[in-house]
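Subject: Structure for you to look at

Dear colleague,

Please find the structure below, with my notes on what was found in it after that. Read them with the model open.

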Amino acid sequence: MGGVSAYLIPVFALILSAIPGLRGAETVWSGLVIAENVAQPQPIPPELTRIEGPLKKFFGYNQFQVIGQSQKTLKTGQEDWLATSKFFGLHVDARGESEAGYVLNLKLYKEKELLLETDAKLSKRSPLVIKGPQIGSGQLLLVLVVE
Amino acid sequence: MKTFEEKWTAWLDGQLSGRELAKFEASLPDKAAAEVEKADARKLRQLLKQELGARTLTNQEFFSHQVHEKIAQEDAEASQSSGRRSATTSTWWTIPRLLWAGTLSLAVFLVCTLFVVHEKTPTEESSYLTQILNARVDPVVSPNATVSMFEVKQDRVTVLWTEGLQSLPADYAAK
């Protein structure tokens, strides 16, 4: 019995590790971010640390604050969720998973008004940043990252 | 034509007769010595017959002999079959070894497969980057809005860039 177990455990571990579809579920972080230029910027939120450089380079702001966020663990790749702030809502509808990432439908609402809609294939290694409307002296950004 | 030795042997055995016997005995240089030798040969033959002749077994001895024969035969068969069994168990390809060999083959196959897949995918670099399939803005809310998209391979970031969306007051930045 022990010999069989000693044989079967490595075999199953090997097979499981070799099948991408059976790997652990992944989490998508989606956030509504206000980018601004201020005299004394706050530290960047940890969720945005890995893209701090590109954010500053592309948008030219020195402070990024999360005003709404959602963290969703995808198991089937067919889930949907909402990241909201007081006035905005980002609805994310996952429509399937592939080896490269997840196919997502994104809708940005201002209260009940649809401002922007896009379909994207979110890679597990590549964040997506969407430039939203100007708000005061700052800018609304939508960020999606597979963690 | 018989040689002298053949005739001599036949004479000792008493197989010569008649004219042949007379002719042979006449050819002997010393018949008396030959007769002595013939008598000695007869004695020797009798002695050998007595000592070396097949001894008739009694019933009890015969039964015992049969039993011993049977035991010896069975022992020989048993040793032969155990020899065959030990020959089969000592073969290198035992079941556990076959299982491990199969597992190792499977592992090598998987590693090679993953290696090949890994080698292929970098050529499709765009699949590593997030792709924007399409984007649209509400033309009623933002009639002059445009969208563009770009991928920054260096930073592995994809950006959907909008221009001309309706600007909103700072209050909308509230959490």
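Strand β6 of chain A and strand β1 (residues 131-137) of chain B pair in the antiparallel sense, over six bridges. Within that pairing, Leu116(A) has Val137(B) as its bridge partner. Helices and strands here are DSSP runs numbered from the N terminus (H or I over at least four residues for a helix, E over at least two for a strand). Two strands count as paired if DSSP finds at least two bridges between them.

Before going further, note that this is a predicted model: local features need pLDDT of at least 70 and side-chain atom pairs count only at pLDDT 80 or more, while totals for chains, interfaces and linings use all residues. Residues are numbered from 1 along each chain as its sequence is written, and chains are lettered from A and ligands numbered from 1 in the order in which they are written.

The contact between the chains

The contact takes 42 residues from chain A and 38 residues from chain B. On the side of chain A that touches chain B, α1 (2-18), α2 (52-59), β2, β6 (113-123) and β7 each supply at least two residues. The largest share of that side comes from β6(A), with 11 residues. By type, the residues of this side of chain A divide into 22 nonpolar, 13 polar and seven charged. For these classes, Ala, Val, Leu, Ile, Met, Phe, Trp, Tyr, Cys and Pro count as nonpolar, Asp, Glu, Lys and Arg as charged, and the others, Gly among them, as polar. Two residues are in contact if their C-beta atoms, placed from the backbone, lie within 7 Å.

β4, β5 and β6 of chain A

β6(A) also pairs with β5(A), in the antiparallel sense and over 10 bridges. In that pairing, the bridge partner of Asn105(A) is Asp119(A) in β6(A). The hairpin of β5(A) and β6(A) has two residues between the strands. Glu111(A) lies in the loop between these strands, β5 and β6 of chain A. Its phi is near 55°, a positive value in a residue other than glycine. Most residues other than glycine have a negative phi. Glu111(A) is exposed, because only 10 other C-beta atoms lie within 10 Å. The cut-offs, with C-beta atoms placed from the backbone, are 20 or more other C-beta atoms within 10 Å for buried, 12 or fewer for exposed, and in between for partly exposed.

On the other side of the sequence from that loop, β4 (residues 88-97) of chain A runs antiparallel to β5 (residues 101-110) of chain A, and eight bridges join them. Leu90(A) stands opposite Leu108(A) in β5(A). Three residues form the hairpin connection from β4(A) to β5(A).

The sheet built from both chains

An open sheet of six strands has the order β2(A)-β1(A)-β8(A)-β7(A)-β3(B)-β2(B), with mixed pairing. Its edge strands, each pairing on one side only, are β2 (63-74) of chain A and β2 (146-152) of chain B. From one strand to the next the twist averages 20°, where axes are lines fitted to C-alpha atoms (for helices over the stretch in contact) and angles run from 0 to 180 degrees between N-to-C directions.

At the chain A edge, β1 (residues 26-36) of chain A pairs with β2(A) in the antiparallel sense over 11 bridges. There, Leu32(A) stands opposite Gly68(A) in β2(A).

Where the chains meet in this sheet, β7 (residues 128-135) of chain A and β3(B) pair in the parallel sense over three bridges. Val129(A) has Val159(B) as its bridge partner in β3(B). Five of the seven residues of β3 (residues 157-163) of chain B are buried, so this strand is largely enclosed by the rest of the structure.

β3(B) pairs with β2(B) as well, in the antiparallel sense over seven bridges. Val147(B) has Thr162(B) as its bridge partner in β3(B). The hairpin of β2(B) and β3(B) has four residues between the strands, and Arg156(B) in this hairpin takes a positive phi near 55°. Arg156(B) counts as partly exposed, with 18 C-beta neighbours inside 10 Å.

Chain B as a whole

Chain B has five helices and three strands, in the order α-α-α-α-α-β-β-β from the N terminus on. Of its 175 residues, 7% count as buried. Among the contacts in chain B with a separation of 6 or more, 31% are between residues 24 or more positions apart.

Regards
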